[in-house]
Amino acid sequence: TAPGPHRYTTLRDEAVKLFNSLQQLESERDPVPLMQGVLQTCLDLPPLVDEIYCQLVKQTTEPPAPGGQGDLHYWQLLTCMSCTFLPSLPVLRFLRFHLDRTENRFPASEMAEYACFIREALRKTKGRECVPSLEEILVLMQRQEMICTVHCPGAPACSVAISSHTTAEEVAQELVSRLGLSQSPNLFALYEQSRRREQPVGSATLLADVLTRFE
């Protein structure tokens with residue numbers, strides 16, 4: 001039995017449950033909650049990350065209907081995985097081969113677009129504290145960025161486009177530049193405010209993780 005906020009059984013049993021979830025994903029009308037559940041299980045049980053990567057590669061290899069809704073749901077979950085977890089090196093090599101093969105077989109297709117996005121994400125992903133929020137999953141399914149609103153003292157709120165890999169320091173630097181404060185001797189940081197507390201956000205913290213905590 002594994003510790004964590006959710007109750008789990010053995011890794012073998014949880015792997016079977018995840019496989020069943022993947023089968024259900026193919027026909028799911030609203031796949032977002034199911035995707036988030038798979039991601040949460042992988043976050044809580046890291047040994048299953050490689051298993052899910054391998055299952056998704058299998059499901060997106062020789063699909064019955066390439067580019068169909070079921071096939072794209074698998075690609076969308078693979079996209080979310082790539083922005084959340086790094087697989088082991090052998091699985092990473094296998095995955096990259098699969099991405100190259102897909103782009104060569106289906107050029108200018110949705111699958112090729114996802115393959116390209118996933119390859120770039122894997123170069124930046126370092127691991128997450130939280131799984132993607134429902135909003136983040138929705139934008140990842142479209143291969144887009146999220147819009148984050150930052151409230152600045154003495155200035156209007158600023159909207160900043162962020163990815164799954166954007167850090168608090170990067171957003172702070174962009175806002176300093178926008179507000180014409182680049183020559184200021186002051187130090188700037190982002191703060192996370194809720195009803196109960198206000199605290200600085202670490203410079204290396206991923207903004208996507210902060211947004212998930214708010215969700």
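The following conversation between a trainee and a mentor concerns a predicted model of one protein chain.

Trainee: Which residues does the "domain: Ras-associating" annotation cover?

Mentor: The UniProt record, an unreviewed entry, places that annotation on residues 144-215. In the predicted model, the chain over residues 144-215 is 26% helix and 22% strand.

Trainee: And how far apart are the end C-alpha atoms of 144-215?

Mentor: They are 19 Å apart.

Trainee: Let us turn to the interior. How many residues does the largest nonpolar core have?

Mentor: It has 41 residues. Those with the most contacts inside this core are L39, I52, Y53, L56, W75, L77 and M81.

Trainee: Which elements give two or more residues to this core?

Mentor: They are α1 (11-25), α2 (32-44), α3 (48-59), α4, α5, α6 (110-124) and α7 (134-141). Helix α4 gives the most, with seven residues.

Trainee: What is I52 in contact with, leaving aside its neighbours within four places in sequence?

Mentor: On that basis, I52 is in contact with L18, L22, V38, C42 and M81. M81 is also listed with I52 among the residues that have the most contacts inside the core.

Trainee: What lies apart from this core?

Mentor: Another core, of 17 residues, lies apart from it. Its members include V139, V150, V160 and A168.

Trainee: V139 is a residue of α7. What are the buried residues of α7?

Mentor: They are E136, I137, V139, L140 and M141. These buried residues pack against α2, α4, α6, β1 and α9.

Trainee: What follows α7?

Mentor: R143 follows α7, and it is found in the loop between α7 and β1. The phi of R143 is near 60 degrees, which is a positive value in a residue other than glycine.

Trainee: How exposed is R143?

Mentor: R143 is partly exposed, with a relative accessible area of 23%.

Trainee: Where is A108, and is it buried or exposed?

Mentor: A108 is found in the loop between α5 and α6. Its relative accessible area is 82%, so it counts as exposed. The phi of A108 is likewise positive, near 60 degrees, in a residue other than glycine.

Trainee: Now the cavities. How many of 30 Å³ or more does the structure hold?

Mentor: The structure holds one cavity of 30 Å³ or more. The largest cavity has a volume of about 80 Å³. Its lining has 13 residues, and the closest to its centre are T60, T61, E62, T102 and F106.

Trainee: Which helices supply at least two residues each to that lining?

Mentor: Helices α4 (69-82) and α5 (89-105) each do so. The largest share, four residues, comes from α5.

Trainee: How do the lining residues of the largest cavity divide?

Mentor: They divide into five nonpolar, four polar and four charged residues.

Trainee: H98 is a residue of α5 as well. Is H98 buried or exposed?

Mentor: H98 has a relative accessibility of 1%, so it counts as buried. Not counting residues up to four places away in sequence, H98 touches V57, T60, T61 and W75. T60 and T61 are among the residues closest to the centre of the largest cavity.

Trainee: What is the volume of the largest pocket?

Mentor: The largest pocket has a volume of about 650 Å³. It is lined by 25 residues, of which V150, H151, C152, L190 and Y191 lie nearest its centre.

Trainee: Which elements give two or more residues to that lining?

Mentor: They are β1 (146-150), α8 (168-178), β3 (191-193) and α9. The largest share, four residues, comes from α9.

Trainee: How do the lining residues of the largest pocket divide?

Mentor: They divide into 19 nonpolar, four polar and two charged residues.

Trainee: Could we end with L207? Where does it lie?

Mentor: L207 lies in helix α9 (residues 207-214). Its relative accessible area is 6%, below the 20% limit, and L207 is therefore buried.

Trainee: What is L207 in contact with, leaving aside neighbours within four places in sequence?

Mentor: On that basis, L207 is in contact with C148, I162, T166, T167, A168, V171 and L190. A168 is one of the residues of the 17-residue core, and L190 is among those nearest the centre of the largest pocket.

Trainee: How far apart are L207 and Y191?

Mentor: L207 and Y191 are 16 residues apart in sequence and 11 Å apart in space, C-alpha to C-alpha.

Technical notes:
Residues are numbered from 1 along each chain as its sequence is written. This is a predicted model: local features need pLDDT of at least 70, side-chain atom pairs count only at pLDDT 80 or more; totals for chains, interfaces and linings use all residues. Side-chain values use heavy atoms; hydrogens and water are left out. UniProt positions are given in the numbering used here, feature names are shortened, and annotations may be inferred rather than shown by experiment. On a 1 Å grid over the protein atoms alone, a cavity is a set of points where a 1.4 Å probe fits but cannot get out, and a pocket is an open set with protein on both sides within 12 Å along at least five of seven lines; lining residues have an atom within 4 Å of a point. Grid points are joined across faces, edges and corners, and a volume is the space filled by probe spheres set on the points. Ala, Val, Leu, Ile, Met, Phe, Trp, Tyr, Cys and Pro count as nonpolar, Asp, Glu, Lys and Arg as charged, and the others, Gly among them, as polar. A nonpolar core is a set of buried Ala, Val, Leu, Ile, Met, Phe, Trp, Tyr and Cys residues joined through side-chain atoms within 4.5 Å. Buried means under 20% relative accessible area, exposed over 50%, partly exposed in between (1.4 Å probe, protein chains only). Contact means heavy atoms within 4.5 Å.
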